[in-house]
Amino acid sequence: MADVCSEDSVQHLFSSRNPAVIDLSIGAPGDDLLSALPGMFREATVRAMDHISAGAHFQYGHEQGSNVFRRNLATFLSAEYADPVREEELILTTGATTGLFLASTLLLDRQAVVFVENPTYFLALNMLVDDLGLEVVPVLLNKDGIDTVALEKLVVQMRKKFAKKTSRFWSMFYCIPNYQNPTGVTYSAEKCKEVLRIAAENNMLIFCDDVYNLLWNSRRPSFSRLKSLDRDGVVISNGTFSKILGPGVRMGWLEVPTKLIERFTGSGVLLSGGSKNNYLSAIVATLLKSGEITSNLAVLRAEFEDRMTAAHSYLTGHLPQGWSVGNPHGGYFLWVEADKDVSEFCAAVRRRGVNVLPGAETCPYTHLGVSVEGNFSNCFRISIAHYSKERILEACRILCSEGMNLHCQKKAVNNC
């Protein structure tokens with residue numbers, strides 16, 4: 001029995017990957033950052049069970065999640081955001097993916113249009129397009145946020161075609177305004193203002209994947225989340241414990257405008273199933289109250305900042321001329337832009353044991369099977385979340401070495 005348990009205990013999403021490869025495409029914490037969690041959860045479970053009367057958390061829970069959990073979460077978020085969060089507007093989920101699925105299925109018309117950033121978090125497209133069959137319209141993302149001129153033009157144009165009356169939203173803007181995946185971009189104040197105006201004037205829902213917001217480096221972002229600026233009740237903030245605790249916990253939250261709460265609590269999926277994770281939320285509520293999640297978050301911030309600063313510094317000093325990398329000062333990702341297509345480069349570094357995410361894979365047009373120029377084939381994304389600083393720098397040296405090889409080959413051709 002012991003042998004069976006030991007063999008099974010290491011299996012997870014990335015177990016099948018070659019351990020010799022430094023896979024910088026992985027947007028998840030490594031085992032070193034998760035090693036403190038078993039002891040933390042063991043002790044918190046004992047404390048939580050001591051405070052449960054009549055096995056309440058083994059029962060179907062409240063549709064939004066227990067009052068204790070939401071109260072403790074609101075207190076935690078209010079402190080970390082330095083901005084008030086109301087427990088009445090929080091809904092427990094099993095993670096950000098579930099949050100997006102719930103909101104899309106409960107609030108959007110079946111023929112709704114979803115405007116997305118280009119580039120964007122590519123796996124969200126699998127859900128929106130493949131699972132839900134929604135129409136996705138890409139809008140170019142600039143250095144300071146979405147191209148609001150293009151967004152408004154498309155919104156007005158497509159709203160005219162949506163003639164039928166419905167109680168659901170005819171459209172949604174899916175976005176990542178803070179430390180965007182894959183680019184690391186954070187929206188400017190002017191972009192935030194414009195996006196909110198466009199949504200309010202056109203009855204468009206804004207769904208923000210706010211999964212990196214708490215992972216700022218040495219300075220807070222200029223705004224905690226887009227919802228904090230919303231005065232019209234058009235923004236939903238989607239949060240997760242996957243980035244600040246561990247992905248295996250399978251817990252997250254939606255912060256929903258008061259006027260939309262009943263659309264969730266009155267839905268068949270929550271009326272039938274109740275709380276999304278009633279038992280585990282009791283344990284996490286204990287960790288929130290004790291301050292252990294706050295302490296863990298501080299450790300993550302310091303470690304991620306150290307990794308990101310080191311990687312950015314090395315890349316800035318050693319990438320070929322004409323290549324650039326920004327420093328988002330938070331989140332998981334660095335976005336590298338080259339002066340030519342990097343498909344061959346990505347294949348070359350893979351042969352040397354380093355994997356990155358090609359920019360073309362983050363372009364919505366790629367997912368939609370549409371061939372366009374400017375599909376970010378000259379870019380790639382690297383993650384600083386999964387490996388130690390030493391391993392990341394080892395990978396950066398290989399990236400820069402192969403980049404210089406490609407650059408020299410290009411110069412040799414141009415000199416012919």
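**Exercise 1. Describe the second largest pocket: its volume, its lining and the elements that supply it.**

Step 1. The second largest pocket holds about 580 Å³ of space. A pocket here is an open set of points on a 1 Å grid over the protein atoms alone, with protein on both sides within 12 Å along at least five of seven lines, and lining residues have an atom within 4 Å of a point. The volume is the space filled by probe spheres set on the points, which are joined across faces, edges and corners.

Step 2. Its lining has 27 residues, and those closest to the centre are K143, T183, G184, V185 and T186.

Step 3. Strand 4, strand 10 (324-325) and strand 11 are the elements giving two or more residues to this lining. Strand 4 supplies the largest share, three residues. Helices (H or I, at least four residues) and strands (E, at least two) are DSSP runs numbered from the N terminus.

Step 4. By class, the lining has 12 nonpolar, 11 polar and four charged residues. Ala, Val, Leu, Ile, Met, Phe, Trp, Tyr, Cys and Pro count as nonpolar, Asp, Glu, Lys and Arg as charged, and the others, including Gly, as polar.

The model is predicted: local features need pLDDT of at least 70 and side-chain atom pairs pLDDT 80 or more, while totals for chains, interfaces and linings use all residues. Residues are numbered from 1 along each chain as its sequence is written, and side-chain values use heavy atoms, with hydrogens and water left out.

**Exercise 2. Find the salt bridge of K143 and place both partners in the chain.**

Step 1. K143 pairs with E337, and their closest N and O atoms are 2.5 Å apart. A salt bridge needs a side-chain nitrogen of Lys or Arg within 4 Å of a carboxyl oxygen of Asp or Glu.

Step 2. E337 belongs to strand 11 (residues 333-337), and K143 to the loop between strand 4 (135-142) and strand 5 (145-146); the two are 194 residues apart.

Step 3. K143 is exposed, at 66% relative accessible area, whereas E337 is partly exposed, at 23%. Buried means under 20% relative accessible area, exposed over 50%, and partly exposed in between (1.4 Å probe, protein chains only).

**Exercise 3. State which parts of the chain the salt bridge between R307 and D32 ties together.**

Step 1. The closest N and O atoms of R307 and D32 are 3.0 Å apart.

Step 2. R307 lies in helix 12 (residues 292-318) and D32 in helix 2 (residues 31-34), so the pair ties together parts 275 residues apart in sequence.

Step 3. R307 is buried, at 0% relative accessibility, and D32 is partly exposed, at 44%.

Step 4. The whole structure has 18 salt bridges.

**Exercise 4. List the residues that line the largest cavity and sort them by class.**

Step 1. A cavity is a set of points where a 1.4 Å probe fits but cannot get out. The structure holds one of 30 Å³ or more, and the largest has about 40 Å³ of space.

Step 2. Its lining consists of Y81, D210, V211, Y212, N213, L214, T240, I244 and W253.

Step 3. These divide into six nonpolar, two polar and one charged.

**Exercise 5. Compare the radius of gyration with the value for a compact globule.**

Step 1. For 416 residues, a compact globule would have a radius near 22 Å, and the protein chain has 22 Å, which agrees. The radius is taken over C-alpha atoms, and the globule rule is 2.2 Å times the number of residues to the power 0.38.

Step 2. Of the 416 residues, 56% count as buried.
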